[in-house]
Amino acid sequence: TKQAVSIAQKLTTKDGVVAVVSGSYSGPTRAVAKIYQDAKIPMISAYANHPDITKTGNFIFRQSFVGTVQGKAGAKVAVDLLKAKKLSILAVDNDFGKSLADSFKQKAELMGAQVISYDTFAMGEKEFTPVLTKLKGLNPDLIYIPVYAGEGAQIVRQAKDLGLKNQLLGTEGVDSTLQFLGVAKEMADGVIITTNLNRDSDRKSVKDFIEGFNTAYGHKPDMVAASTYDAFNVIFTVIAKNGAEPEKIRQGMTELKDFEAVTGLIKGYNKIGEVKKSVQIQIVKNGDFHYYNEIADDDVITPPSE
């Protein structure tokens with residue numbers, strides 16, 4: 001967070017930037033949003049999902065889903081698609097985990113499911129056997145894990161070691177070819193996640209992005225790469241149309257509609273800068289993410305406007 005603030009101050013006072021993509025998580029992004037807002041320089045949060053980020057002001061936008069949207073989408077997957085009735089939550093105890101877990105719980109309960117346990121852990125935790133043993137005894141239909149890739153891989157491996165057969169439903173936090181799939185390996189098969197990158201899309205832009213990224217970096221992209229790529233492309237598109245002055249970029253962002261992004265059709269950004277697009281559901285098969293479903297219901301994907 002301290003580094004992010006220093007960088008933001010340098011960008012706004014010395015480097016003369018006209019727009020910024022925040023390629024970091026909710027803590028650092030929340031800390032710098034006010035700096036960019038006060039400087040009247042548009043910032044797009046590539047993938048940080050805390051609701052307060054866009055509430056900072058009219059120069060702040062979000063490229064990936066706000067946590068409340070993705071949490072509701074997870075509930076839709078759990079209750080409607082997977083027919084789960086008894087749910088457990090195991091979440092990382094920070095902005096990311098809390099916003100996803102709370103919105104998941106609220107939506108799932110409204111849909112008639114029961115959350116029978118809600119456990120949290122500190123970021124960086126490596127030992128999950130005690131809580132997983134408890135969950136094995138509770139035997140929920142599904143365990144919702146809004147966690148990051150490192151912890152997620154350990155949860156998957158330790159769950160398999162304990163013989164847990166409960167369905168695991170993750171989020172974009174474990175959308176990582178290297179850190180999650182590379183560590184969990186075949187034990188991750190069957191895990192379902194909510195995210196914004198459909199690897200099996202037949203759209204040329206998606207195929208070209210995945211192929212180009214793989215060629216450049218030697219591994220497949222994740223949602224972080226795709227979201228950041230899309231955020232820059234949105235800025236480039238707006239600049240090409242409106243010019244490179246910060247106010248014109250901000251105005252152009254509010255007018256953008258039906259933009260074909262790698263992470264799906266961006267229907268637009270609402271009055272507080274939240275993006276509206278479908279939520280992609282992926283399942284791990286043979287050590288890779290593949291299409292499972294897509295959530296496009298307006299009551300789920302429409303972001304809050306205040």
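## Strands, a helix face and two voids

Tutor: In strand β6 (residues 142-145), Leu142 and Tyr144 point one way, Ile143 and Ile145 point the other way, and all are buried. The model is a predicted one.

Student: What makes residues of β6 point one way and the other way?

Tutor: In a regular strand, side chains alternate between the two faces of the sheet. β6 follows this, with Leu142 and Tyr144 on one side and Ile143 and Ile145 on the other. "Buried" requires under 20% relative accessible area, and Leu142, Ile143, Tyr144 and Ile145 are all in that class.

Student: How do you know that β6 pairs with strand β7 (residues 167-170)?

Tutor: Pairing needs at least two bridges between the strands. β6 and β7 are joined by 4 bridges and run parallel, so they pair. Within β7, Leu169 is the bridge partner of Tyr144.

Student: What joins strand β4 (residues 86-92) to β6?

Tutor: There are 3 bridges between β4 and β6, which also run parallel. Set against the threshold of at least two bridges, that is a pair. The partner of Ser88 in β6 is Ile143.

Student: Why is the unit of β6, α6 and β7 called right-handed?

Tutor: The term applies if the path from the first strand over the helix to the second runs clockwise, with the strands pointing away from the viewer. β6, α6 and β7 are assigned as a right-handed β-α-β unit, so their path is clockwise in that view.

Student: How do you know that the buried residues of helix α7 (residues 177-184) line one face?

Tutor: Those residues are Thr177, Phe180, Leu181 and Ala184. Viewed down the α7 axis, they fall within an arc of 115°, so they line one face of the helix. The face turned away from the buried side carries Leu178 and Gln179, both exposed.

Student: Why is the space lined by Tyr25, Ser26, Tyr47, Ala48, Asn49, Phe96, Tyr148 and Glu172 called a cavity?

Tutor: A 1.4 Å probe fits in a cavity but cannot get out. The count is 1 cavity of 30 Å³ or more, and the largest cavity holds about 40 Å³. Its lining has 5 nonpolar, 2 polar and 1 charged residues.

Student: What makes up the lining of the largest pocket?

Tutor: The largest pocket has a volume of about 220 Å³ and is lined by 16 residues, with Tyr25, Tyr148, Ala149, Gly173 and Gln179 nearest its centre. By class, the lining has 8 nonpolar, 4 polar and 4 charged residues. α6 gives the largest share, 3 residues.

Notes
Residues numbered from 1 in each chain as written. Predicted model: local features only at pLDDT ≥ 70, side-chain atom pairs only at ≥ 80, totals over all residues. Heavy atoms only, no water. 1 Å grid on protein atoms, 1.4 Å probe; cavity = no way out; pocket = protein on both sides within 12 Å on 5 of 7 lines; lining within 4 Å. Points joined across faces, edges and corners; volume = space filled by probe spheres on them. Nonpolar A, V, L, I, M, F, W, Y, C, P; charged D, E, K, R; others polar. Buried < 20%, exposed > 50% of the residue type's maximum accessible area, 1.4 Å probe, protein only. Arc of directions from axis to C-beta.
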